[in-house]
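Below is a colleague's note on a single model, set out as numbered points. Please read it with the sequence and the coordinates open side by side.

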Amino acid sequence: MDEEKCNSGSEALSDRDTVSSHTSSKPDVSRPDLAEKEASLSGHNAPASDRHSIDRASGDLRRTASRVLSKVASRITTRDLHEPSPPPDGGLKAWTQVAMAFIVLFATWGYANSFGAFQTYYTQNLPAAPSSISWIGGIQIFLTLTLGLISGRLLDAGYFLPTFFVGIVIQVLGIFLMSISTQYWQLFLTQGVLSGIGAGIYFTPAISLVNTYFDKRRGFAVGLGTAGNSLGGVVYPLVVRELIPKLGFAWTSRVIGFLNLGILLIAITFMRARLPPRKSGPLLELSAFKEPKYAGFLVAAFFSFWANYYTFYYIASYGTQALNLSYSSASLLVVIINGVGLPFRIFVPMIADRIGNMNVIVPISLIWVAVSFSWLAVHDIGGYYAFTVVYGIMSASFQCLFPSTISRISPRLDTIGTRLGMAFSVSALASLTGPPIGGAIQTAGGGYQAPQIWAAVVTLLSFILFVALRWHMGGLNLKIKC
């Protein structure tokens with residue numbers, strides 16, 4: 001009996017122990033902290049082979065992700081490029097960049113320079129003064145040029161493609177939002193600010209890229225690229241002039257948006273940077289402003305652009321208000337002043353490559369001064385068309401030499417993006433303030449004579465400064481190429 005009790009007690013104890021062991025092997029759900037600790041301990045008790053397999057899989061995943069990201073970075077940046085040979089000065093790839101720069105400037109400056117047509121339309125349909133309306137186009141061009149401070153440095157750092165893509169998205173978004181704008185402040189934010197930011201992000205890298213592919217024929221290549229400015233200045237005002245009466249302002253703006261989107265997508269497909277990234281270096285190369293050639297050229301160019309953009313913006317308004325032209329006829333003047341310079345944007349740089357940029361800029365500026373003063377003597381439609389043609393030729397002849405002159409006086413190719421961005425920012429200040437100042441002078445004087453005199457005198461000051469710079473660079477010897 002005692003033995004049986006002992007056996008049964010032993011069996012009962014064994015059963016309790018079994019139940020207790022099973023119970024203790026499960027986490028205590030009533031104590032979350034203990035459950036987490038027990039789960040952690042059970043993980044540490046996992047076989048070493050399992051832990052090794054997990055670590056190896058995790059390492060493989062990290063290496064695969066790193067390789068993918070590295071390949072993507074090598075595609076959209078220039079970090080894998082080695083130190084290049086001298087500029088090829090030609091070849092399929094180089095001329096492809098010129099062709100793409102042509103269509104980039106077609107979309108950028110064709111749209112921006114067509115603001116004269118919008119200026120006339122807004123003056124007739126918005127309750128705002130002409131000088132206030134000028135700020136829309138002024139801020140657009142200001143941002144297009146000023147943001148080159150950042151985007152030009154991004155080109156030098158090797159980020160051309162991502163920079164260009166972001167610019168496309170922002171500019172096209174601004175144009176489509178412009179199509180649903182009905183008030184002055186809305187147009188200022190969409191057509192002025194947003195479109196200007198987008199264009200400013202991609203414009204300077206695009207034109208700087210062409211400079212890196214050419215040396216002896218750099219002026220011709222850049223001039224050919226800037227010819228897109230003139231062609232765009234013909235197409236976009238015609239689009240505005242013809243479509244607003246037929247489709248209305250909203251759908252006219254959308255047509256421009258789709259046009260820019262298609263053009264810029266073609267450009268980003270084929271444009272490629274040639275130089276490896278310049279990792280070091282400041283955003284602004286302030287030491288460049290201590291160089292007499294660089295600083296002197298920018299000061300002289302500032303006064304040229306100051307008068308130039310006032311004339312471009314008010315060329316159509318003068319026709320409607322002073323000569324009683326219709327909106328359609330006045331808009332045609334915007335087409336003419338932009339389009340007549342197309343062949344000169346090609347031929348003038350070819351001459352500059354042979355005899356020097358400054359040797360060409362000085363006589364161009366002299367003729368520009370004479371034409372500016374001649375505006376005071378224009379009182380009939382025929383004379384106004386003649387003035388528009390000659391002024392457009394002089395403006396295009398100077399503007400096409402601006403980027404190549406900056407590159408000529410820059411000591412290194414891998415700083416062109418930065419220096420050109422700085423130069424465009426200076427000219428941006430002129431484009432921002434010139435039209436509103438001229439408009440304010442017009443409002444205060446009650447007519448166009450006072451701003452016409454202001455624009456002519458400013459152009460004369462620019463010519464004097466260019467002469468002084470040419471004398472500093474080459475003295476009185478006209479045979480020196482400078």
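The points below take up the core, one helix, the cysteines, the salt bridges and two backbone angles in turn.

1. Status of the model. This is a predicted model, and the values quoted in this note should be read with that in mind.

2. The nonpolar core. The largest nonpolar core contains 121 residues, and within it Tyr122, Phe164 and Phe297 touch the most other members. The element that gives the most to this core is helix 12 (residues 292–322), which supplies 18 residues.

3. Phe164 and its surroundings. When residues up to four places away in sequence are not counted, Phe164 touches Val104, Tyr202, Ala206, Leu264, Ala267, Ile268 and Met271. One of these partners, Leu264, is taken up in the next point.

4. Leu264 seen from its own side. Leu264 lies in helix 11 (residues 249–270), and its relative accessibility is 0%, so the residue counts as buried. Leaving aside neighbours within four places in sequence, Leu264 is in contact with Val104, Ala107, Phe164, Ile168, Gln171 and Tyr202. The C-alpha atom of Leu264 is also separated by 9.4 Å from that of Thr108, although the two residues are 156 residues apart along the chain.

5. Helix 18, its span and its bend. How far apart are the end C-alpha atoms of helix 18? Helix 18 (residues 416–445) has 30 residues and, at 1.5 Å a residue, should span 44 Å; its end C-alpha atoms are 43 Å apart, which agrees with that expectation. The helix nevertheless has a kink of about 30° at Thr433, shortly before the proline Pro435. Helix 18 is mostly covered, with 22 of its 30 residues buried, and just after the helix Gly446 takes a positive phi of about 75°.

6. Cysteines. A disulfide is a covalent bond between the sulfur atoms of two cysteines. A search of the whole structure finds zero disulfides. Two of the cysteines can be described by their accessibility: Cys400 is buried, with a relative accessible area of 0%, and Cys482, at 13% relative accessibility, also counts as buried because the cut-off for that class is under 20%.

7. Salt bridges, a sequence-adjacent pair. Side chains of opposite charge can pair when their charged atoms come close. The structure holds six salt bridges, and one of them is formed by the side chains of Arg241 and Glu242, with an N to O distance of 2.7 Å. Are these two residues buried or partly exposed? Arg241 counts as buried at 17% relative accessibility, whereas Glu242, at 32%, counts as partly exposed.

8. Salt bridges, a pair involving helix 18. The side chains of Arg419 and Glu285 meet in a salt bridge, with 3.4 Å from N to O. This pair links distant parts of the chain, since Arg419 belongs to helix 18 while Glu285 sits in the loop between helix 11 and helix 12, 134 residues apart. Arg419 has a relative accessibility of 0% and therefore counts as buried.

9. Salt bridges, a shared network. Asp353 forms a salt bridge with Arg408, and the closest N and O atoms of this pair are 3.2 Å apart. Here too distant parts of the chain are linked, with Asp353 in helix 14 (residues 344–355) and Arg408 in helix 17 (residues 402–408), 55 residues apart. Asp353 counts as buried at 11% relative accessibility, while Arg408 is partly exposed, with a relative accessible area of 34%. Salt bridges that share partners join Asp215, Arg218, Asp353 and Arg408 into one network.

10. Positive phi outside glycine. Asp89 has a positive phi of about 60° although it is not a glycine, and this residue is found in the loop between helix 3 (48–76) and helix 4 (92–113). Asn324 is another residue other than glycine with a positive phi, in this case near 60°, and its place is in the loop between helix 12 and helix 13 (327–339). The accessibilities of the two residues are as follows: Asp89 counts as buried at 14% relative accessibility, whereas Asn324 is exposed, with a relative accessible area of 69%.

Notes. Residues numbered from 1 in each chain as written. Predicted model: local features only at pLDDT ≥ 70, side-chain atom pairs only at ≥ 80, totals over all residues. Heavy atoms only, no water. Core = buried A, V, L, I, M, F, W, Y, C linked by side-chain atoms within 4.5 Å. Buried < 20%, exposed > 50% of the residue type's maximum accessible area, 1.4 Å probe, protein only. Helix = DSSP H or I, 4+ residues; strand = E, 2+ residues; numbered from the N terminus. Contact = heavy atoms within 4.5 Å. Expected span 1.5 Å × (residues − 1). Bend = angle between axes of the 7 residues up to and from the residue. Disulfide = S-S within 2.5 Å. Salt bridge = Lys/Arg side-chain N within 4 Å of Asp/Glu carboxyl O.
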